[in-house]
Amino acid sequence: MKLWIKLVAVAALAVPLVATAADAPKSATPAVLKALFDCRAITTDAERLACYDAAVGQVNKAEKTGEVIIVDRQEARAARRQAFGLELSALAILDRSEEKTEVDRVMGEVASARRGGDGRWTVVLADGAVWKQVDDQSLTKDPKKGSKVEIRKASVGSYFMNVDGQRAMRARRADTQ
């Protein structure tokens, strides 16, 4: 759950602190960071240092209060993996770096699995992600706690899920079981 809080907070980096998301350009820099960057233009050493000291203090305060969230590349990758299969436009903020690594598959382990009245499986992975079968593919072995799962992107926004190396079934990410 902490990861979702971070994702929502990361979205706040995309807009200035006083504007709404609709009003802001896509590459807007938060005001506290802009103030820090603006210190570079000061030519007098003492004034520039005073500017940096004040601006860093404001960035530190904004980070502590949650107005600004600083996410490193490793945390961004983890967020992308956690959200694999979900359509979240807020994750676009994680693509601001030069390195654009798209997740096209995830590996996991089954925490629980159950078959619905329609004969289709709902699989909960150890990381909490819930995947629901959307086709009528039969499995020779039922998924159970500890089963190894691979989920990979297929065509037209769909996903294939392999459980313990069996034939793939089509699946979609769900918010709840």
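**Exercise 1.** In this predicted model, find the loop where Asp164 lies, and decide whether Asp164 is buried, exposed or partly exposed.

*Solution.*
Step 1: Look between S5 and S6, and you'll land on the loop that holds Asp164.
Step 2: Check the accessibility, which is 29% for Asp164. Buried would need a value under 20% and exposed a value over 50%, so Asp164 counts as partly exposed.
Step 3: Now peek at the backbone. Phi of Asp164 is near 50 degrees, which is a positive value in a residue other than glycine.

**Exercise 2.** Which acidic residue pairs with Arg48 in a salt bridge, and how are the two placed in helix H3?

*Solution.*
Step 1: Follow the side chain of Arg48 and you'll reach Asp45, with N to O at 2.6 Å. The cut-off is 4 Å, so this pair passes as a salt bridge.
Step 2: Place them both in helix H3, which covers residues 45-65. They sit 3 residues apart, so about one helical turn separates Arg48 from Asp45.
Step 3: Compare with the surface cut-offs. Arg48 has 23% relative accessibility and is partly exposed, while Asp45, at 55%, is exposed.

**Exercise 3.** Strand S1 holds Arg105 and Arg115. What does each of them pair with?

*Solution.*
Step 1: Start with Arg105. Its salt-bridge partner is Glu150, and the closest N and O atoms are 2.3 Å apart. Arg105 belongs to strand S1 (residues 105-115) and Glu150 to strand S4 (residues 148-153), so the pair links distant parts of the chain, 45 residues apart.
Step 2: Go on to Arg115, which forms a salt bridge with Asp142 at 3.6 Å between the closest N and O atoms. Here strand S1 is linked to the loop between S3 and S4, across 27 residues.
Step 3: Check the accessibility. Arg105 is partly exposed at 37%, Arg115 is partly exposed at 45%, and Asp142 is partly exposed at 44%.
Step 4: Put these in context: the whole model has 6 salt bridges.

**Exercise 4.** How many residues make up the largest nonpolar core, and which strands each supply at least two of them?

*Solution.*
Step 1: The core has 15 residues. Those touching the most other members are Val123, Leu125, Trp131, Val149, Ile151 and Met161.
Step 2: Go through the strands: S1, S2, S4, S5 and S6 each give at least two residues to this core.
Step 3: Don't stop there! A second, separate core has 8 residues, including Leu33, Ala55, Val59 and Val68.

Definitions and conventions
Residues are numbered from 1 along each chain as its sequence is written. This is a predicted model: local features need pLDDT of at least 70, side-chain atom pairs count only at pLDDT 80 or more; totals for chains, interfaces and linings use all residues. Side-chain values use heavy atoms; hydrogens and water are left out. Helices (H or I, at least four residues) and strands (E, at least two) are DSSP runs, numbered from the N terminus. Buried means under 20% relative accessible area, exposed over 50%, partly exposed in between (1.4 Å probe, protein chains only). A nonpolar core is a set of buried Ala, Val, Leu, Ile, Met, Phe, Trp, Tyr and Cys residues joined through side-chain atoms within 4.5 Å.
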